[in-house]
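Reader: I am new to this structure and would like a close look at a single part of it. Could you choose one helix and take me through it, along with whatever surrounds it?

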Amino acid sequence: MPKLSVIIIAKNESENIAECIKSASFANEVIVLDSGSSDNTVPLAKKLGAKIFNRPWKGYGQHKNIAIQLAKHEWIFSLDADERISPALKQEILKVINRPDFNVYDVPRRSLFVSRFIKHSGWQPDRTKRLFKKGSAKFSEHHVHEHLESKYEIGHLLQPLIHYSYRDFETVLKKINVYSSLGARDLKRKGKKGSLKKAILHALWAFIRTYIVRFGFLDGREGLMLAISVAEGTYYRYIKLIYLK
């Protein structure tokens, strides 16, 4: 029987880590790669039987690649702390790894924005590559929005991964700040330059794309709030790029 490792990177995820690990408990091993948590993340993960490793923070992509190397089984599923493997997805994963047609699979993801699971706004369909044979894929080394890269053809799972991405507005504001800083670093690495004009125009287009082009207005008030937050994050990304040394 093929065996499965679930890898999770974490720092100060005590609100999420227990339910995340429980959803992955069917795997042959669950690895939590911590990067200096100061809350109860590590004790909670240990209590639930996860294997704990600690490494200095290298960025999302690099950290996930370290976790891949720590996994000892043939198949790997990469799971974020604010995500849950649904019961239906669990069954599909077990079925696929026993009779695989591909080396790498993507999975549809349902994401929460404060009080609604978003169906439009560019969040659906949201397919993300997560299940793969070890050695078949690795993560890009972007500071934010890292993704699996592979030379193999991608298979498609049908059952959803549940993503509690933005539980409240404190989380929204925190992620706007963090992701705009990391996004600015990625832009600088690509040789891009920031300006007030670019910040305004990119933010305006981000709002139009999310709310109108991608039918965010069909997501009700949460769709409008999401479009505003996307625009705001885009604005700050280009403003921060101006001042990066």
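Author: What follows is a walk along helix H5 and then outward to the parts around it. The model is a predicted one, and every value below should be read with that in mind.

Helix H5 runs over residues 169–189, with Arg-189 among its residues. Its 21 residues, counted at 1.5 Å a residue, should span 30 Å, and the end C-alpha atoms are indeed 30 Å apart, so the expected and the modelled span agree. At the N-terminal end the helix is capped by Asp-168, one of whose side-chain oxygens lies 3.2 Å from the backbone nitrogen of Glu-170. After the helix comes Gly-191, which has a positive phi, near 85°.

Along H5 the buried residues are Val-172, Lys-175, Ile-176, Ser-180, Leu-182, Gly-183, Ala-184, Asp-186 and Leu-187. These buried residues pack against helix H3 (60–70), E6, E12 and helix H7 (220–243).

One of those packing partners, strand E12, covers residues 161–166 and holds Ser-165. Ser-165 has a relative accessibility of 3%, and therefore counts as buried. Its side chain reaches the backbone oxygen of Leu-112 at 2.8 Å. When neighbours within four places in sequence are left aside, Ser-165 is in contact with Asp-82, Ser-111, Leu-112, Trp-123, Thr-171 and Lys-175. Of these contacts, Lys-175 is also listed among the buried residues of H5.

Towards the other end of the helix, Asp-186 forms a salt bridge with Arg-189, and the closest N and O atoms are 3.5 Å apart. The two residues are three places apart in helix H5, so about one helical turn separates them. An α-helix has 3.6 residues a turn, so residues three or four places apart point the same way. Asp-186 counts as buried because its relative accessibility is 8%, under the 20% limit. Arg-189 also touches Glu-141 and His-142, not counting residues up to four places away in sequence. Between Arg-189 and His-142 there are 9.5 Å in space, C-alpha to C-alpha, although the two are 47 residues apart in sequence.

Another packing partner of H5 is helix H7, which covers residues 220–243. In the salt bridge between Glu-222 and Arg-221, the side chains meet at 3.4 Å, N to O. Glu-222 counts as buried, at 4% relative accessibility, whereas Arg-221 is exposed, with a relative accessible area of 64%. Elsewhere, salt bridges that share partners join Lys-64, Asp-80, Glu-83, Arg-109, Asp-126, Arg-130 and Glu-146 into one network. The count of salt bridges comes to 14.

One more salt bridge brings in the loop after helix H3, which is itself a packing partner of H5. Here the side chains of Lys-133 and Glu-74 meet at 3.7 Å, N to O. Lys-133 lies in strand E8 (residues 127–133) and Glu-74 in the loop between H3 and E4, so the pair ties together parts that are 59 residues apart in sequence. Both ends are partly exposed, Lys-133 at 23% relative accessibility and Glu-74 with a relative accessible area of 39%.

The last packing partner to follow is strand E6 (104–113), which is among the elements that give two or more residues to the largest nonpolar core. That core has 30 residues, of which Leu-4, Ile-8, Phe-77, Ile-93 and Leu-131 touch the most other members. A second, separate core of 13 residues includes Ile-31, Ala-71, Ile-76 and Leu-148. Phe-77, from the largest core, has contacts beyond four places in sequence that include Leu-4, Ile-93, Leu-131 and Leu-161.

Two backbone details lie in the loop between E7 and E8. Pro-125 is placed in that loop, and a cis peptide bond, with omega about -5°, joins it to Gln-124. Ser-121 is in the loop as well, with a positive phi near 60° in a residue other than glycine, and it is buried, with a relative accessible area of 3%.

Technical notes
Residues numbered from 1 in each chain as written. Predicted model: local features only at pLDDT ≥ 70, side-chain atom pairs only at ≥ 80, totals over all residues. Heavy atoms only, no water. Helix = DSSP H or I, 4+ residues; strand = E, 2+ residues; numbered from the N terminus. Buried < 20%, exposed > 50% of the residue type's maximum accessible area, 1.4 Å probe, protein only. Polar contact = N/O pair within 3.5 Å; in protein donor to acceptor, adjacent residues only side chain to side chain. Contact = heavy atoms within 4.5 Å. Core = buried A, V, L, I, M, F, W, Y, C linked by side-chain atoms within 4.5 Å. Expected span 1.5 Å × (residues − 1). Salt bridge = Lys/Arg side-chain N within 4 Å of Asp/Glu carboxyl O.
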